[in-house]
Amino acid sequence: MTILVTGGAGYIGSHTCVELLNNGYEIAVLDNLSNSSEEVLTRIREMTNKSFMFYKGDLLDKDFIKMVFQKNRIEAVIHFAGLKAVGESVQHPHLYYQNNIMGTLHLLEVMDQYEIRKIVFSSSATVYASSQPMPLSENSITKAINPYGRTKLMIEEMLADYYQANPKWSCVVLRYFNPIGAHQSGEIGEDPNGIPNNLMPYLTQVAIGKLNELKVFGNDYPTPDGTCIRDYIHVVDLAKGHIKALNKVQIESGYYTYNLGTGGGYSVLEVIQAFEKATGKKVPYSIGGRRQGDVPICYADTSTSKMELLWQATKSLEEMCKDAWNWQTQNPNGYKIIDHATLNSNN
Ligand code: NAD
Ligand code: UFG
C-alpha cells in the first residue's frame, strides 16, 4: 500500500518523504514543481536508498489525479500541495482560490471515487484570529485575514463537511506554526524563489553574503525586547508529526485538528542571537518599520497533539539554526545546479 504525498517535492513535503521512507512506508509523490525542483527527489532517493514513483502534474487536472490513483494502491494521502505566499495571495486571490481550493476539491473527489478516505492536510497557525490569549489551542477562535489563510480555513471546513456527510472519512488537519531548519545531512532544505519573505531563509542569505542586511520588522511591539515572538519548529520535528498523523488516520475515522509547534516562542532578536551562537557567523541587521499583518506574539498550545498524537517537538532553536546554516552553506544556490562548463564557455 502506498501513501500519496501531494507537494512532496516542496520544503515540508520533502522532509516528510524522508521520514516516511525511513519508517518503511511506500510512497508516491505528486507535484507540479511550480515551487520546487526535481533535484529534491533525487536527493531523497539517495538519502534513503529507497525508490518511489514521481508524478509530475497538477491537482487542477482531475484526469491526471485519477491516473495516479489507477496506477497505485493508495491507502492514504498527505496533502501538502498548495501556494503559500501571503502577499501574493493578496495580489492574486484568484490564483490562490483556484489552486488551493479547486486543487483540493479535485483531490477529494477522486479520493471519494476510489474510496480512499484518509487524509492528512497542511493547515497553518495563520487560521487563528489575532489578539487572543496565548498559547493558541485548537479551540482558539479562527479568523483568516488574507486569501491564503482563507483557503486554509475553507479547506479545513470542507474536510469537516466531508466527514459529516460520510463518517468513513478520516481527516487530520495539522496547523503548523513556523517551520524552519533543514535535514541535518544538509541534502534537503528550504529553497525559496527570489528574495525570501520569511525570517530564517532571509537571515541565512544575509549570513552567506547574498543579501546585505536583515531588516527586523519593528521593535515597538508589546514583547520583552519589542520584536515579534513566533513558535519556530524544526522541519524534521514537523515531518515526524505527519507520521503520527498518518497512524491516526490509518486506525480511526473522524475529523481532528492538531497544532504542530514547540509550545514556546522566540523573538526576532533572540533568533538572530541563537543563529550567531550556533554558527559563529555575525548577522548584520537594522531595525525597520512593522510589516503589515504581523501579530506581536504567536505560539502553540501543544498539549492535544502530545496527548492524542503522542508527538512532541524535540529540537532546539540552536539546532534549527545550525541545520538551516548547514543547508545554506552546502547549497548556496539551493537546488539549482550551476553548470560551470557552460558558464565558462559563455564567458
Ligand atoms: P512548498 O511550496 O515548498 O511546497 C508545496 C509544493 O506543492 C511545491 O512543491 C509545489 O510545486 C506544489 N504544488 C503547488 N500547487 C500545486 C498543484 N496545483 N498541483 C501539484 N503540486 C502543486 O511549501 P511548504 O513550505 O513545503 O508548505 C507545504 C504546505 O504547508 C503548504 O500547503 C503550505 O501552505 C503549508 N504551510 C506551510 C508553512 C510554512 O511556513 N512553510 C506554514 C504553514 C502551512
Ligand atoms: N521578520 C523580520 N524580517 C524579515 C522577515 C521576517 O523581522 O525579513 C519577522 C516577522 O516580522 C515576524 C517573524 O520574523 O515577526 C517571522 O516572520 P516569517 O515571515 O518568517 O513568518 P510569519 O510568522 O510571518 O508567517 C509564517 C508563514 C505563514 C504562516 C505563518 C503561521 O510565512 O505562511 O507562519 O504559520 F501562515
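A residue is taken to be near a molecule when one of its heavy atoms lies within 4 Å of that molecule. In the predicted model described here, 27 residues are found around ligand 1, and those that come nearest are D31, N35, S36, K84 and Y148. Two of these residues approach ligand 1 through their side chains. An N or O atom in the side chain of D31 is 2.6 Å from an oxygen atom of the ligand, and for the side chain of Y148 the corresponding distance to an oxygen atom of ligand 1 is 2.7 Å. The backbone also takes part: a backbone N or O atom of G10 lies 3.3 Å from an oxygen atom of ligand 1.

Ligand 2 is surrounded by 20 residues, of which N198, K215, R230, R291 and D294 are the closest. The side chain of N198 places an N or O atom 2.7 Å from an oxygen atom of ligand 2. For R291, an N or O atom of the side chain is 2.8 Å from an oxygen atom of this ligand. A polar backbone atom of Y176 is found 3.1 Å from an oxygen atom of ligand 2.

R291 is also engaged within the protein. Its side chain meets that of D294 in a salt bridge, with an N to O distance of 3.2 Å. Through salt bridges that share partners, R230, R291 and D294 are joined into one network. These three residues are thus named both in the network and among the closest neighbours of ligand 2. With a relative accessibility of 36%, R291 counts as partly exposed, because that class covers values between 20% and 50%.

In total, the structure holds 11 salt bridges. Side chains of opposite charge can pair when their charged atoms come close. One such pair is formed by E156 and R175, whose closest N and O atoms are 2.6 Å apart. This salt bridge links distant parts of the chain, since E156 belongs to helix α6 (residues 147-165) and R175 to strand β6 (residues 170-176), with their positions 19 residues apart in the numbering. Buried residues are those under 20% relative accessible area. E156 therefore counts as buried, at 3% relative accessibility, and R175 likewise counts as buried, at 5%.

A further salt bridge brings together the side chains of K248 and E252, at 3.0 Å from N to O. The two partners fall into separate accessibility classes: K248 counts as buried at 10% relative accessibility, whereas E252, with a relative accessible area of 33%, is partly exposed.

Empty space in the protein was also examined. Rolling a probe the size of a water molecule over the atoms shows where such space is left. The second largest pocket has a volume of about 240 Å³. Its lining comprises 20 residues, and E190, D191, P192, Q205 and Q328 are the closest to its centre. The elements that give two or more residues to this lining are α7 (199-207) and α11 (317-330). Of the elements, α7 gives the most, with four residues. By residue class, the lining of the second largest pocket divides into seven nonpolar, nine polar and four charged residues.

Definitions and conventions:
Residues are numbered from 1 along each chain as its sequence is written. Chains are lettered from A and ligands numbered from 1 in the order in which they are written. This is a predicted model: local features need pLDDT of at least 70, side-chain atom pairs count only at pLDDT 80 or more; totals for chains, interfaces and linings use all residues. Side-chain values use heavy atoms; hydrogens and water are left out. On a 1 Å grid over the protein atoms alone, a cavity is a set of points where a 1.4 Å probe fits but cannot get out, and a pocket is an open set with protein on both sides within 12 Å along at least five of seven lines; lining residues have an atom within 4 Å of a point. Grid points are joined across faces, edges and corners, and a volume is the space filled by probe spheres set on the points. Ala, Val, Leu, Ile, Met, Phe, Trp, Tyr, Cys and Pro count as nonpolar, Asp, Glu, Lys and Arg as charged, and the others, Gly among them, as polar. A salt bridge is a side-chain nitrogen of Lys or Arg within 4 Å of a carboxyl oxygen of Asp or Glu. Buried means under 20% relative accessible area, exposed over 50%, partly exposed in between (1.4 Å probe, protein chains only). A polar contact is a pair of N or O atoms within 3.5 Å; within protein, one must be able to donate a hydrogen and the other to accept it, and residues adjacent in sequence count only if both atoms are side-chain atoms.
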